[in-house]
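Work through the exercises below with the model open. Each task is followed by a stepwise solution.

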Amino acid sequence: MGDQPIAIPPDYARRVRELAGEAGAAWLARLPGIVAACAERWALRLDPPFPLSYNYVVPAWRAGEPVVLKVELPEAGLGEIDALELFDGHGSTRLLAVDREQGALLLERLLPGTTLAALGAGDDERATLIAADVMRRLWRPAPTAHGFRTLTDRAAELATVRRRFAGGTGPLREGLVARAESLFAELIASAAPPVLLHGDLHHGNILAAAREPWLAIDPKGVVGEPAAEVGPLLLNPRPDLLSWPHPERVLARRLDILAAALGFERERLWAWGLAHALLSAWWSVEDFGAGWEYAVGVAELLAGMEG
């Protein structure tokens, strides 16, 4: 609406260029035009953007109602759009409008919007039960034909570690990588019938809301067995978890709670947690060449629980 200024914070622009190179720089050049066109088409009044990581996300107003405009990096694909359409507001924010060509989404804004991480170490059991409830509300049978990534795809991503390092594992401990590779193979070979998973459900992606007490945002859209959904939750809140008193006890208690609340074998949840932690560490190496230490730290705690 009108000539609203489009703010692109310098730190955000630098991160996008680091992650996506020349393609990211080209997208940044187009971004103000995309945002302005969406604001005009959907009659939005824009506020300053949220703290940004990869995608461009800005709070906005439409006819006096709070909404969110999100423009995704092209590398993000359309998994979030397709997932939100299938979730249809059950356990998640609602998708109000979409421009697939530009990767732009108009979303229900969740208010008050406090994240599950705000409950902190003192209320982790309650946070875990809330997350389990959101999981159950989200899951839908996997579509027969779909373009979502799968858990098999994620296992294949971890396999690229050894190709990158000529059979080695680079900065990641070989024993941990080997255990994660073995777990991925075992879990996928024995997987339960697939559902549509959020794919990145953790404390920062579960928000307090008015329509329902807690709802999810930012789904990746992954197809696989339900038990795999717990992986990101066990890894978070990041980086606070490892500074909490006795984080190994926190993780053990979470596994007990999740097994009881979701009806899955505790050992299987543990296995998905360890496999995901190593994959997350590898993503940090692959994308930035740094920052893997936290996920490895969580993986080591989980590995210490085996047996």
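**Exercise 1. Find the hub residues of the largest nonpolar core, then the element that gives the most to this core.**

Step 1. Take buried Ala, Val, Leu, Ile, Met, Phe, Trp, Tyr and Cys residues joined through side-chain atoms within 4.5 Å. Buried means under 20% relative accessible area, exposed over 50%, partly exposed in between (1.4 Å probe, protein chains only).

Step 2. The largest core has 66 residues, and Leu172, Ile206 and Leu258 touch the most other members.

Step 3. Helix H8 (residues 266–288) gives the most, with 12 residues. Helices (H or I, at least four residues) and strands (E, at least two) are DSSP runs, numbered from the N terminus.

Step 4. Another core, of 30 residues, lies apart from the largest one; among its members are Leu31, Tyr56, Val71 and Leu105.

The model is predicted: local features need pLDDT of at least 70, side-chain atom pairs count only at pLDDT 80 or more, and totals for chains, interfaces and linings use all residues. Residues are numbered from 1 along each chain as its sequence is written, and side-chain values use heavy atoms, with hydrogens and water left out.

**Exercise 2. List the contacts of Leu172, leaving out residues up to four places away in sequence.**

Step 1. Count heavy atoms within 4.5 Å as contact.

Step 2. Leu172 then touches Val177, Ala281, Trp282, Val285, Trp292 and Val296.

**Exercise 3. Describe the largest cavity and its lining.**

Step 1. On a 1 Å grid over the protein atoms alone, a cavity is a set of points where a 1.4 Å probe fits but cannot get out; lining residues have an atom within 4 Å of a point. Points are joined across faces, edges and corners, and a volume is the space filled by probe spheres set on them.

Step 2. The whole structure yields one cavity of 30 Å³ or more. The largest holds about 100 Å³.

Step 3. Its lining has 13 residues, with Leu151, Arg154, Ala228, Trp272 and His276 closest to the centre.

Step 4. Helix H4 (151–164), helix H6 (230–234) and H8 each give two or more lining residues. H8 gives the most, with three.

**Exercise 4. Locate the cis peptide bonds at Pro112 and Pro239.**

Step 1. Leu111 and Pro112 are joined by a cis bond, with omega about 10 degrees. Pro112 sits in the loop between strand E5 (104–108) and helix H3 (124–138).

Step 2. The bond from Arg238 to Pro239 is cis too, with omega near 5 degrees. Pro239 belongs to the loop between H6 and helix H7 (247–262).

Notes
1 Å grid on protein atoms, 1.4 Å probe; cavity = no way out; pocket = protein on both sides within 12 Å on 5 of 7 lines; lining within 4 Å.
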